[in-house]
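Grab a coffee and open the viewer. Here are a few exercises to work through, each with a solution.

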Amino acid sequence: MSGMKSVVRGVGSYLPQKVLTNAELAQLVDTSDEWIVQRTGIRERHIAAEGEFTSHLGLKAAQAALADAGLTAADIDLIVLATSTPDQTFPATSVVIQNELGITRGAAFDLQAVCSGFVFALSTADAHLKTGSFKRALVIGAETFSRILDWTDRGTCVLFGDGAGAVVLEAVPEAEAGGRGILTSHLRSDGRHRAKLFVDGGPSSTQTVGHLRMEGREVFKHAVGMITDVITDAFAATGESAESIDWFVPHQANRRIIDASAQKLGISPAKVVTTVELHGNTSAASIPLALDVARRDGRIQRGDLVLLEAMGGGFTWGSALLRW
Ligand code: ACO
């Protein structure tokens, strides 16, 4: 069923109440506010409370996105949740959210592409909506990375935070979409880099959850090239450009990676949405969280051309271009 577009109907997000500042972190590990801000741009991050799980954050973001869309859970027939920090090994955390929303029809599944998860989930939901199998999807990114951090490793524990964001996508016939919707998406993976950013545990290997391990310099070295390659693909596929986009909403890993990518692509700093300062790296949640911030403060308007990109463990990376 060609001729369908996946149009964003609403966006929402949720951050746990507890804020952890750089100064507080400096009491846990040998670091400083100055070091963290200079290298990453991060000043604080939110941390889930005891007993507050990824499903709880994802549910609240989903409810906010539904309210923004003026829809109810009954309107949703597909849930794709991007997460690397599920409540349990199985069932999928999306099913927990589906149940909490009271949805008993359609399908819900989790997708794991680490920090690229939201772009992978958006692209996957778009493909399903275009086939006509589903009508409206909740695409959620939700993470509790605080649970897989080694809080004695200053090289990683200062970088990440918890949170969730969600969008509602609706399949609309192209003739009625008025140019809106997801225009293109480009997904990539290369497992040769799998040992540069990984978790050292899992059900099949260690029967433990494990902790995040990262070669920060190696990640940094590859990030800008991978990000800009996949954005160049998005521009080539659509004829759009750094000049024609209204907003660049990148995965929020690190201020320096974001700035270097925008600069290499010739994207004006005024078009770049950054939230890393207050959220840290929330992995698959970072893009929908940033979308929600820029939507609520009035930057992203209906009809705007919005460029998304992410890069993460695997490595995985991807881009999506959409007209809001
Ligand atoms: N506070 C103070 N000093 C620190 C800290 C810290 N939190 N962490 C490391 N250091 C020290 C190191 O021990 C090292 O000290 P040494 O020279 O005495 O050995 C020194 O700082 C330099 O360490 P590097 O790791 O080389 O520091 P670098 O300049 O590369 O910055 C950083 C580290 C911020 C992690 C950087 O490499 C980076 O941003 N990498 C990308 C990481 C990233 O964004 N990952 C996520 C992307 S993918 C995803 O989102 C899942």
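What follows is a set of short tasks on a predicted model, each solved step by step.

**Exercise 1. The surroundings of a histidine**

Work out where His 46 sits, whether His 46 is buried or exposed, and which residues His 46 is in contact with.

Solution.
- Step 1: Start with the secondary structure. Strand β3, residues 44-47, is home to His 46.
- Step 2: Check the accessibility. His 46 has a relative accessible area of 13%, and buried means under 20%, so His 46 is buried.
- Step 3: Look for a polar partner. You'll find the backbone oxygen of Pro 16 at 2.5 Å from the side chain of His 46.
- Step 4: List the contacts, skipping neighbours within four places in sequence. Leu 15, Pro 16, Gln 17, Lys 18 and Val 19 are among them; Gly 161, Asp 162 and Leu 278 are in contact with His 46 too.

**Exercise 2. Around the ligand**

Find how many residues surround the ligand, which are the closest, and which elements give two or more residues to the shell.

Solution.
- Step 1: Count the shell. The ligand has 23 residues around it, and the closest are Thr 31, Arg 39, Cys 115, Arg 217 and Asn 254.
- Step 2: Go through some polar pairs. A nitrogen atom of the ligand lies 2.6 Å from a polar side-chain atom of Thr 31. Arg 217 has a side-chain N or O atom 2.7 Å from an oxygen atom of the ligand. For His 251, a polar side-chain atom lies 2.8 Å from a ligand oxygen.
- Step 3: See how much gets covered. On its own, the ligand has 1000 Å² of accessible area, and the protein covers 74% of that.
- Step 4: Place the ligand among the pockets. The space it takes is the second largest pocket.
- Step 5: Sort the shell by element. Two or more residues come from each of α2 (33-40), α6 (154-157), α8 (216-238), α9 (255-265) and β12 (305-312). The largest share is that of α8, with four residues.

**Exercise 3. Backbone oddities**

Hunt down two cis peptide bonds and two residues other than glycine with positive phi, then say which loop holds each one.

Solution.
- Step 1: Take the bond from Phe 90 to Pro 91, which is cis with omega near 5°. Pro 91 belongs to the loop between β4 (78-82) and α4 (93-100).
- Step 2: Now try Gly 314 and Phe 315, joined by a cis peptide bond with omega about -10°. The loop between β12 and β13 (316-323) contains Phe 315.
- Step 3: Switch to phi. Val 114 has a positive value near 50°, and you'll spot Val 114 in the loop between β5 (107-111) and α5 (117-131).
- Step 4: Do it again for Ser 283, where phi is positive and near 55°. Ser 283 is in the loop between α10 (276-279) and α11 (286-296). With a relative accessible area of 1%, Ser 283 is also buried.

**Exercise 4. A glycine in a loop**

Say where Gly 266 lies, how accessible Gly 266 is, and what Gly 266 touches.

Solution.
- Step 1: Locate Gly 266 in the loop between α9 and α10.
- Step 2: Relative accessibility is 45%, so Gly 266 counts as partly exposed.
- Step 3: Leave out residues up to four places away in sequence, and Gly 266 touches Ala 242 and Glu 243.
- Step 4: Draw a C-alpha to C-alpha distance to Gly 201. Gly 266 and Gly 201 are 40 Å apart in space and 65 residues apart in sequence.

Technical notes
Residues are numbered from 1 along each chain as its sequence is written. This is a predicted model: local features need pLDDT of at least 70, side-chain atom pairs count only at pLDDT 80 or more; totals for chains, interfaces and linings use all residues. Side-chain values use heavy atoms; hydrogens and water are left out. Buried means under 20% relative accessible area, exposed over 50%, partly exposed in between (1.4 Å probe, protein chains only). A polar contact is a pair of N or O atoms within 3.5 Å; within protein, one must be able to donate a hydrogen and the other to accept it, and residues adjacent in sequence count only if both atoms are side-chain atoms. Contact means heavy atoms within 4.5 Å. A residue is near a molecule or strand if one of its heavy atoms lies within 4 Å of it. Accessible areas come from the Shrake-Rupley method with a 1.4 Å probe; for residues, only the protein chains shown count as cover. On a 1 Å grid over the protein atoms alone, a cavity is a set of points where a 1.4 Å probe fits but cannot get out, and a pocket is an open set with protein on both sides within 12 Å along at least five of seven lines; lining residues have an atom within 4 Å of a point. A molecule sits in a cavity or pocket if more than half of its atoms lie within 2 Å of its grid points.
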